Amino acid sequence: MNNYTLYPLTPMQQGMLFQSLSYKDTGINVQQIVCTFNEPLNIDCFRTAWNTVISRHSILRTEFEWENVESPVQKEKKQAAINPVLNDIQDLNTDSQKDIINKFIKNDRVQGINLKTAPLMRVTIFLLSPSAFTFIWTFHHAILDGRSDRMILEELLLCYDALVEDKIITLEEPETYRHFAEWLNNQDFSTDEQYWSKTFEESDS
């Protein structure tokens with residue numbers, strides 16, 4: 001029995017995959033979110049919170065396959081996990097810490113994302129002091145947009161706070177991206193194309 005489900009990419013994902021394969025080492029379609037918190041870090045709770053979120057959202061357990069197939073597909077795995085990388089720079093002064101983090105962000109972006117291995121993201125932590133840390137969440141734009149990444153981040157922080165405080169939280173069951181992709185790929189956009197073609201023709205006249 002396969003431990004994954006295959007389904008086609010959406011048109012937007014196909015475009016992003018093409019760009020990423022065509023312009024390697026440029027950081028194209030690589031997104032980064034940088035967060036700094038003035039509180040101690042519980043690394044075990046932080047790791048568990050990330051993997052809880054990954055287990056809840058199928059798109060975070062998704063990887064891409066484009067070789068030896070008729071057309072690119074995404075592979076939704078039943079399980080995937082992440083292990084944040086921890087960097088201790090507490091002994092450095094503030095300016096040195098900023099330089100290290102800024103250089104890392106730049107290099108991390110152009111490193112790209114391995115699109116064949118879920119999750120298509122990584123998390124790197126920098127300990128700034130016993131009561132402050134910064135983390136960089138790097139992910140591929142083909143799995144998250146500007147609204148969903150914030151939803152994931154909010155959920156992560158809810159899970160993290162609950163684990164640190166040893167509380168139980170109840171979250172709504174999320175929709176699967178597969179359902180959206182299948183719905184989108186079954187739509188007939190010919191009417192929309194005619195509308196926009198006519199609209200642009202009229203605006204040019």
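How many salt bridges does the count come to? In this predicted model, the count comes to 9 salt bridges. Several of them are worth following through the fold, together with the strands and helices that carry them.

A good place to start is R56, a residue of helix α2, which spans residues 43-56. The side chain of R56 forms a salt bridge with that of E155, with an N to O distance of 2.6 Å. This pair ties together distant parts of the chain, since E155 belongs to helix α4 (residues 148-164) and R56 to helix α2, 99 residues apart. Is R56 buried or exposed? Its relative accessibility is 19%, and the limit for a buried residue is under 20%, so R56 counts as buried. E155 is buried as well. The R56 side chain also reaches the backbone oxygen of E172, at 2.8 Å. Beyond its neighbours within four places in sequence, R56 is in contact with R61, E155, L171, E172, E173 and P174.

Attention can now turn to the sheets. Three strands form an open sheet in the order β1-β4-β3, with antiparallel pairing. Its edge strands are β1 (4-8) and β3 (62-65), each of which pairs on one side only. On average, and ignoring direction, neighbouring strands of this sheet are turned by 30° against each other. Between β3 and β4 (residues 73-77), the antiparallel pairing runs over 4 bridges, and F64 stands opposite Q74 in β4.

These two strands also share a salt bridge: the side chains of E63 and K75 meet at 3.8 Å, N to O. E63 sits in strand β3 and K75 in strand β4, 12 residues apart. Both E63 and K75 are buried.

A parallel arrangement appears further along the chain. Strand β5 (residues 85-88) pairs with strand β6 (residues 121-129) in the parallel sense, over 4 bridges, and L86 stands opposite I125 in β6. Together with helix α3 (residues 94-111), β5 and β6 make a right-handed β-α-β unit.

Within this unit, the side chains of R122 and D108 meet in a salt bridge of 2.6 Å, N to O. The pair links strand β6, which holds R122, to helix α3, which holds D108, across 14 residues. R122 is buried, with a relative accessible area of 18%, and D108 is buried with a value of 2%. Returning to the antiparallel sheet, salt bridges with shared partners join E63, K75 and K77 into one network.

Note on methods
Residues numbered from 1 in each chain as written. Predicted model: local features only at pLDDT ≥ 70, side-chain atom pairs only at ≥ 80, totals over all residues. Heavy atoms only, no water. Helix = DSSP H or I, 4+ residues; strand = E, 2+ residues; numbered from the N terminus. Buried < 20%, exposed > 50% of the residue type's maximum accessible area, 1.4 Å probe, protein only. Polar contact = N/O pair within 3.5 Å; in protein donor to acceptor, adjacent residues only side chain to side chain. Contact = heavy atoms within 4.5 Å. Pairing = 2+ DSSP bridges. Axes fitted to C-alpha atoms, helices over the stretch in contact; angles between N-to-C directions. Right-handed = clockwise from strand over helix to strand, strands pointing away. Salt bridge = Lys/Arg side-chain N within 4 Å of Asp/Glu carboxyl O.
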